[in-house]
Amino acid sequence: MISSPGRLLPAAYRPLFAVRPFRRLMPVFALSDLGDGMSTVAVAWLALSLAPPGGQGALVGISVAAYALPGVLGALLLGRWLRRLPARRLLVADAALRALLLGAIPVADVAGVLGPTGYVVLLGASSLLHAWGKAGKYALFAPLLDDGLRLAANSALSTSLSSAIVLGPALAGLLAGAVPPAWIIGLDAVTFAVLAVQASRVAVPVAETGPTGSTGARQGLGVLRRHPELLGLLVLTWLFNLAYGPVEVALPLFVVHSLNDGAGLLGAYWVAFGVGSVVGALGAGAAGRLPLWPTMIAIVAGHGVSLLPFALSDTAVPSLIGFAAAGLIYGPYSALSLALLQKRAPSGSLTEVLALRSAVLVTASPLGAVLGGLLLHRVDAPALLSGCGLAMILTAVLAAAFLAMRGKSAGPTSHSGGSGRVVVVRLRKG
């Protein structure tokens, strides 16, 4: 019964479902991704209802950041005890913690004891192990798959995340009219409980090891120092995500205050973005035929231009179209950046580089969310959303200027374009 989905996939992806652990875990990974997609709407929406007068922007920003940022602290502070644990145990521990603490949110809400402080504490504590859980998720299959299947597995996991961006907010928007947002977060907790149970039952090779902790981080840093193109890509992506962070805070307030609408329209915005992102991801192969660095910079600039229609707040139509275009333009970005890392990083250091990349990038969007919450005390949501677009355009201009200053010494501009072509095709073909 479980193997039937494999026959619906392109032929190159079917061997993944011949690997029993992947076949058993991929459906629950997709389920937990869907739960997180629903929480994209529910976390911000519940923060709006809990915030004191005049404090909506700040609480939304802090709540969005709390759902992700403490994972960085967990990665830094708990490495001494967790770095030698097997990948499966890290995955189970993270899923169980999130299930327990996210599940406490609807319970506290029904009991009438959920306030802004308790809400933020529960969100933050639930994400404390999430960096380790994500590392365990990607490290779990390393000893089971060869290089080609690892690329296919990465692509399958990324597709699950993109699909959740489409389906999760839409489902949350529908449920918001029938149940309180706290219960939508409770459904997210259930998906993590299912993941914890299923992951604890999956047999994996005895030789598996978890992330390598500080030694792995130093090795990843060493690889980045030896490959300036990878370091430059990490900086560009971090700034891109930082500029995007305030969007998650300002969008709910834009819907409520500027458009006088509700959670259904907020879900529609995320669906539009997600559909665009999935369609754009399908074009990653075509994008990979272009010079890599100009393409990456153009994506950042194009995404910024697509946010400018939020300055027109009389109707939802221009910004909905713009947000869909933003998703479409962004779609190839993750595949292209991951492909470059997988191609250029030494094979023996790929896990460390990917883990370091995740640990660095996970800080950007939450920091941007906190910054956005603070800025909403001074500017309105339309101005902040369009300002995020301008920040992305400025980031792209600075990146282009830096490449131009390097001139012929900027070898990655031409050389990496070719490597991007090869690897993106492999991602699509498995």
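**Notebook: helix packing, core and one salt bridge**

I began with the secondary structure of the protein chain, which comes to 20 helices and zero strands. I note at the outset that this is a predicted model, and I read every entry below with that in mind.

Next I looked up burial and contact range for the chain as a whole. Of the 430 residues in the protein chain, 52% are buried. When I took the contacts between residues at least 6 apart in sequence, I found that 86% of them join residues at least 24 apart.

I then turned to the nonpolar core. The largest one has 95 residues, and Ile105, Tyr119, Tyr269 and Phe323 are those with the most contacts inside it. Helix H2, residues 20-50, gives the largest share of this core, namely 15 residues.

Two of these names, Ile105 and Tyr119, led me to the pair H6 and H7. Helix H6 (residues 87-111) packs with helix H7 (residues 116-126) at an angle of about 170 degrees, and their axes lie 8 Å apart. An angle over 145 degrees counts as roughly antiparallel, so I entered H6 as roughly antiparallel to H7. On the H6 side I listed Asp94, Leu97, Arg98, Leu101, Leu102, Ala104 and Ile105, which meet Tyr119, Leu122, Leu123, Ala125 and Ser126 in H7. Sorted by class, the contact of H6 with H7 has nine nonpolar residues, one polar residue and two charged residues.

Arg98, on the H6 side of that contact, deserved its own entry. I recorded Arg98 as buried because its relative accessible area is 1%, against a cut-off of under 20%. The structure holds one salt bridge, and I found that the side chains of Asp36 and Arg98 meet in it, at 3.9 Å from N to O. This pair links distant parts of the chain, since Asp36 is in helix H2 and Arg98 in helix H6, 62 residues apart.

I went back to the core for Tyr269. Leaving out residues up to four places away in sequence, I found that Tyr269 touches Leu251, Phe254, Val255, Leu259, Phe310, Ala316, Ser319, Leu320 and Phe323.

Phe323 then took me to Ser306, whose contacts include Phe323. Ser306 lies in helix H15, residues 292-307. Is Ser306 buried or exposed? I entered Ser306 as buried, because its relative accessibility is 8%. With residues up to four places away in sequence again left out, Ser306 touches Gly322, Phe323, Ala325, Ala326 and Ile329.

Definitions and conventions
Residues numbered from 1 in each chain as written. Predicted model: local features only at pLDDT ≥ 70, side-chain atom pairs only at ≥ 80, totals over all residues. Heavy atoms only, no water. Axes fitted to C-alpha atoms, helices over the stretch in contact; angles between N-to-C directions. Helix = DSSP H or I, 4+ residues; strand = E, 2+ residues; numbered from the N terminus. Parallel < 35°, antiparallel > 145°, perpendicular 65-115°, else oblique. Contact = heavy atoms within 4.5 Å. Nonpolar A, V, L, I, M, F, W, Y, C, P; charged D, E, K, R; others polar. Core = buried A, V, L, I, M, F, W, Y, C linked by side-chain atoms within 4.5 Å. Buried < 20%, exposed > 50% of the residue type's maximum accessible area, 1.4 Å probe, protein only. Salt bridge = Lys/Arg side-chain N within 4 Å of Asp/Glu carboxyl O.
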